[in-house]
Amino acid sequence: MRSLLALLIVTLALVALCSCEKDPKEPSGSLSADSIKIKKEVANAFVKRQKRSSLYERYFEYYKNPMEQMHERCENYPPCDYLSDQIGFSLAYNRFFGRY
């Protein structure tokens, strides 16, 4: 077990040394914009957009439940937002907007 741990530490140290080596052609710490950009086709190969799976998910993404609407109403009113951090959402909402 100790030999495996020692091997892992040595490997990580070598990886750290190799990755920290500076390129003599590049100025210290700067990367050119060309080295960062990738083609759109290459980017689309590994970044896939997640598709919505059902009408149920679309409905609940579009329409918010009443409690979430109350939370947003309180968050958009700075005194209620501050007081909700101090005493809790329900007491702060009742104080500024009445019973929910």
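This short presentation covers the overall make-up of a predicted model, its disulfide, a serine beside that disulfide, and its salt bridge.

Good morning, colleagues. I begin with the chain as a whole. The protein chain contains 7 helices and 0 strands. In sequence order, the pattern therefore reads α-α-α-α-α-α-α, with helices assigned as DSSP runs. Of its 100 residues, 8% count as buried. The accessible surface amounts to about 9,600 Å², and carbon and sulfur atoms account for 59% of that area. As for contacts between residues at least 6 apart in sequence, 9% join residues at least 24 apart.

I turn next to the covalent cross-link. How many disulfides does the structure hold? The count is 1. In general terms, a disulfide is a covalent bond between the sulfur atoms of two cysteines. Here the partners are C74 and C80, with an S to S distance of 2.0 Å. That pair qualifies because the cut-off for the two sulfur atoms is 2.5 Å. The torsion about the S-S bond is -95 degrees, and the link between C74 and C80 is left-handed.

Are these cysteines buried or exposed? C74 has a relative accessible area of 2% and is buried. C80 stands at 0% relative accessibility and likewise counts as buried. Both assignments follow because buried means under 20% relative accessible area.

One residue in contact with this cross-link deserves a word, namely S84. S84 belongs to helix α6, which spans residues 78-87. Which residues does S84 contact, once neighbours within four places in sequence are set aside? They are C74, F89 and A92. C74, as noted, is one end of the disulfide. With a relative accessibility of 17%, S84 counts as buried, because the value falls under the 20% limit.

Finally, I come to the charged side chains. A search of the whole structure finds 1 salt bridge. Which side chains form the salt bridge? The side chains of E72 and K64 do so, at 2.9 Å from N to O. The pair is accepted because a Lys nitrogen must lie within 4 Å of a Glu carboxyl oxygen.

How accessible are the two partners, and what class does each receive? E72 has 29% relative accessibility and counts as partly exposed. K64, at 39%, also counts as partly exposed. Neither residue is called buried or exposed, because partly exposed covers the range between under 20% and over 50%.

To summarise, the predicted model has a left-handed disulfide between C74 and C80, and a salt bridge between E72 and K64. Thank you for your attention.

Terms used: Residues are numbered from 1 along each chain as its sequence is written. This is a predicted model: local features need pLDDT of at least 70, side-chain atom pairs count only at pLDDT 80 or more; totals for chains, interfaces and linings use all residues. Side-chain values use heavy atoms; hydrogens and water are left out. Buried means under 20% relative accessible area, exposed over 50%, partly exposed in between (1.4 Å probe, protein chains only). Helices (H or I, at least four residues) and strands (E, at least two) are DSSP runs, numbered from the N terminus. Contact means heavy atoms within 4.5 Å. Accessible areas come from the Shrake-Rupley method with a 1.4 Å probe; for residues, only the protein chains shown count as cover.
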